[in-house]
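User: Could you walk me through this fold?

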Amino acid sequence: MPHQFTTSYLEDSLAILRQYKQLAERAMAQAADEHLFVLLDGDANSIALIVKHMAGNMRSRWTDFLTTDGEKPDRNRDSEFEVPPATRAELMRAWEEGWRHVFAAIEPLTEADLGRTVTIRGEPHSVMQAINRQIAHYAQHIGQIILLAKHFAGEEWKSLSIPKRKGVGS
């Protein structure tokens, strides 16, 4: 996705979120189905569990974003790290549903909304702070997805950015 100059916080936030979504999708596309569910150790999360957690977080944070706490009472965060979706198709459905919540909440916002107050776990945040918090959270988990996908792809990995020794000055 080419960089677009903007001075709009919301446009930039949406572009960044779309970029991270695409990076994760390109990484997951390089992972064999069985690798989506592999745990590197007993305390690790698989790609599938990370996606399940992200989808649960997205539903909770972005449903009724401006009017209810971002930690919904029906969310069971711990269960997001147990029993992953059974197939790649189920995993990708959860992924897409989570992102639908994100974009449905942010796309209608205006710059005037950025100073409004929302709560997450009872803590007040400006809309801008809440968006920043989620961008950072999603970037962290997408980095984990990329690392795991690259690990499993090994020599078959296709770089998602500038491959080593192909950049400027190499």
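Below is a short set of questions and answers on this predicted model.

User: Happy to start broadly: in what order do the elements of the protein chain run from the N terminus on?

Analyst: Good place to begin. The secondary structure comes to four helices and two strands. Reading from the N terminus on, the order of these elements is α-α-α-β-β-α.

User: How far apart are the end C-alpha atoms of helix α4?

Analyst: Helix α4 covers residues 127-153, which makes 27 residues. At 1.5 Å a residue, counted over one less than the number of residues, the helix should span 39 Å. The model agrees with that expectation, because the end C-alpha atoms lie 38 Å apart.

User: And which residue takes a positive phi just after α4?

Analyst: The phi angle in question is about 60 degrees. The residue that takes it, just after α4, is Gly154.

User: What radius of gyration does the protein chain have?

Analyst: Let's set the expectation before the value. A compact globule with 170 residues would have a radius of gyration near 15 Å. Along its principal axes, the C-alpha trace spans about 50 × 45 × 25 Å. The value for the chain agrees with the globule rule: 17 Å.

User: What percentage of the residues count as buried?

Analyst: Buried here means under 20% relative accessible area. The chain as a whole exposes about 9,700 Å², with carbon and sulfur atoms supplying 54% of that area. Of its 170 residues, the share that counts as buried is 39%.

User: Finally, how far apart are the mean positions of the positive and negative charges?

Analyst: The protein chain carries 20 positive and 23 negative charges. The distance between their mean positions is 4 Å.

Note on methods. Residues numbered from 1 in each chain as written. Predicted model: local features only at pLDDT ≥ 70, side-chain atom pairs only at ≥ 80, totals over all residues. Heavy atoms only, no water. Rg over C-alpha atoms; globule rule 2.2 N^0.38 Å. Buried < 20%, exposed > 50% of the residue type's maximum accessible area, 1.4 Å probe, protein only. Areas by Shrake-Rupley, 256 points an atom, 1.4 Å probe, with all protein chains shown as cover. Lys, Arg positive; Asp, Glu negative; His and termini not counted. Charge placed at Lys NZ, Arg CZ, Asp CG, Glu CD.
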